[in-house]
2 protein chains.
Amino acid sequence: MTDGSRPASLRAATLADVAREAGVSPAAVSKVIRGAYGVSDGMRERVGAAIERLDYRPRTAARAMRGTTTTFGITVPQLGNEFLTTVVRGAVAALDGTGFDVILAPSEFASSMHAVESLLDRQVAGIVAIAPPSDPERLDRLARHVPLVQLGGHQYSERFDTVAGDDRAGARLVVDHLLGLGHRRIAHLTRAYAAEDEQRVDPHSLRLVTYAAAMRTAGAEPQVTQSEASEESAHAAALRLLDGADRPTAIFAANDTLALGVLRAVAERGLTAADVSVAGYDDIDIARHPLLDLTTVDQRGDEMGRTAATMLLERLDGRTEPRRFCTDPRLRVRGTTRPAPVG
Amino acid sequence: MTDGSRPASLRAATLADVAREAGVSPAAVSKVIRGAYGVSDGMRERVGAAIERLDYRPRTAARAMRGTTTTFGITVPQLGNEFLTTVVRGAVAALDGTGFDVILAPSEFASSMHAVESLLDRQVAGIVAIAPPSDPERLDRLARHVPLVQLGGHQYSERFDTVAGDDRAGARLVVDHLLGLGHRRIAHLTRAYAAEDEQRVDPHSLRLVTYAAAMRTAGAEPQVTQSEASEESAHAAALRLLDGADRPTAIFAANDTLALGVLRAVAERGLTAADVSVAGYDDIDIARHPLLDLTTVDQRGDEMGRTAATMLLERLDGRTEPRRFCTDPRLRVRGTTRPAPVG
DNA sequence: TTGTACGCGTTATCAA
DNA sequence: TTGATAACGCGTACAA
């Protein structure tokens, strides 16, 4: 009671301020705000008016201290990646109107595990971890404290849910498509971290393994080139492929960003789809642009995001058994893949 | 003292747990964590070991309650917008290694004011509001409680800082370029909310006003068409332009996303840059792709993001006078703008 | 150098 | 239907 009338205009109004203004108890205000059971109409009205007058807003941090939050967190490993933004948009859209917020934790410069933990420290009500790294045990431990969906990987767990595309099926769609067009020298451009290792369950490794197996089955020699995530880097790698001996007649890029780099290299060398076919993965918006017209695989990013959000809501609703969701990839055949040149 | 030995494995360890484990006081642990003054080496060591053993992590929410946070928040009005992700990446990069985090609040479905307030409720240490809406007074009030940078608008204030591109200069670069190529029927495609009103200070309105003025000065008639933010919508609007009477020989799109829709429409109608020139704004990555090769304006999104982050740090460091930063736009002339067709 | 005690704003429990 | 009270985890005066 040192200073009940301090200029409350500067200090943002708290729940206690509202209670004082309305002449009721803090507990009552809290109930009104949360729409809890057991408040008279008169109470609701008076409190509402006080909130209005004081321009009061509940402090999320204080709520978080009590354990409950209405915010989900999503980690974003690459901000510029259109596929990921599609996923995030799907999740945000699914949560619209449910009373749940979303915050994004970019993990471009930190490890994506760090991003997950940063979200956890903020007491989010649930986490969507997009393509997190190689520490499934840690993820498993964290999932004891929060509902967690791992998106984009195939590391199954008893504790968290999983959303992914069927990368094996998708990669096979592409390779079969190219083989069907008569291509034999099909190169695969993938991220540097991907490995042809049956243990690996990240999307790019799965695509790589599937590609290599399909090639060998067809009696063709796999030809793998690696690059970093950027279009730049893919462009450089593609130039190496095109300028090297035994130039491939088709290049399967592990995602659309890489494919754009390949297309750039192809164009710069004065080649067209009649010379070198190009296929990508993700079906980002720009892929269907008639000037690019990229053949690619649609793995329904928006559906992934929607599903992940729904899974978190289900967990909050009491579900305890893990769920696994896999989208069915669809090949989008466009102009960048053509029959193999004869000879 | 009801249950000092409860299975702490499930409940995440708190600062008090660490203190107990290390046999010291909570205050001591707090000091060690923050690297505060006045801790012996032995203390630091013991506490460090206990933190390690218990896998302790400070709760951001609890810290926030005390008023201090090391997190900046950025609102993102459109997740798919490449220019915005460039800005965000710039900010994140600038904060790398400073000990400050970033969280993103998507405002796609809510008003962007709502996103700002959601960040404020989380007690972030500073906010970058990207292109917030028409309520500068409210923004001004909020800026009394947190360091705030308004990015992308030109609403100056005594309370918050501003980062923007020089939209007038940029728009003039484009229009002068097109006029210089001999174009007279230059249409402008802009967002529906933009208005030719000297009072308006949002980027799209500024570009629109500048365009219209430059056209009239040149004795040409402005022709303005509107669309929503999406490439889809821009595509439809462009088709209307191309199919209408008195087809323009050049289209100036207010940003690159819209320009992509225009390019699609142009391609679909069997036209090329020789028939209809197209220019955009932002210089997103894909614009320089040889298959698109879009003439556009680079307004240095990464520099904007970096500057905004730096401004927040400066505010935290004690600066109180507002700063205004404006990037110098540069025209990137590429293949989509050509001399006006004769006749 | 270390520890004690309190307060931040909210919600849940329980009593009135 | 309402209100008093006790946490939640952390940082910080202040005392030891």
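In the predicted model, buried residues account for 52% of the 343 residues of chain A. The exposed area of the chain is about 14,900 Å², of which 49% is supplied by carbon and sulfur atoms. The secondary structure of chain A consists of 12 helices and 12 strands.

The overall dimensions were examined next. Chain A has a radius of gyration of 26 Å, whereas a value near 20 Å would apply to a compact globule of 343 residues. Along the principal axes, the C-alpha atoms of chain A fill a box of roughly 90 × 40 × 30 Å. Among the contacts in chain A with a separation of 6 or more, 67% are made by residues 24 or more positions apart.

Chain A is divided into three domains: domain 1 covers 15–58, domain 2 is assembled from 71–166 and 301–328, and domain 3 covers 167–298. Between domain 2 of chain A and domain 3 of chain A, the contact involves 10 residues from domain 2 and 15 residues from domain 3. The centres of these two domains, taken over C-alpha atoms, are separated by 28 Å.

With regard to charge, chain A carries 41 positive and 45 negative charges. The mean positions of the two sets lie 5 Å apart.

Note on methods: Residues numbered from 1 in each chain as written. Chains lettered and ligands numbered in written order. Predicted model: local features only at pLDDT ≥ 70, side-chain atom pairs only at ≥ 80, totals over all residues. Heavy atoms only, no water. Helix = DSSP H or I, 4+ residues; strand = E, 2+ residues; numbered from the N terminus. Rg over C-alpha atoms; globule rule 2.2 N^0.38 Å. Buried < 20%, exposed > 50% of the residue type's maximum accessible area, 1.4 Å probe, protein only. Contact = heavy atoms within 4.5 Å. Areas by Shrake-Rupley, 256 points an atom, 1.4 Å probe, with all protein chains shown as cover. Lys, Arg positive; Asp, Glu negative; His and termini not counted. Charge placed at Lys NZ, Arg CZ, Asp CG, Glu CD. Domains from an automatic or database assignment.
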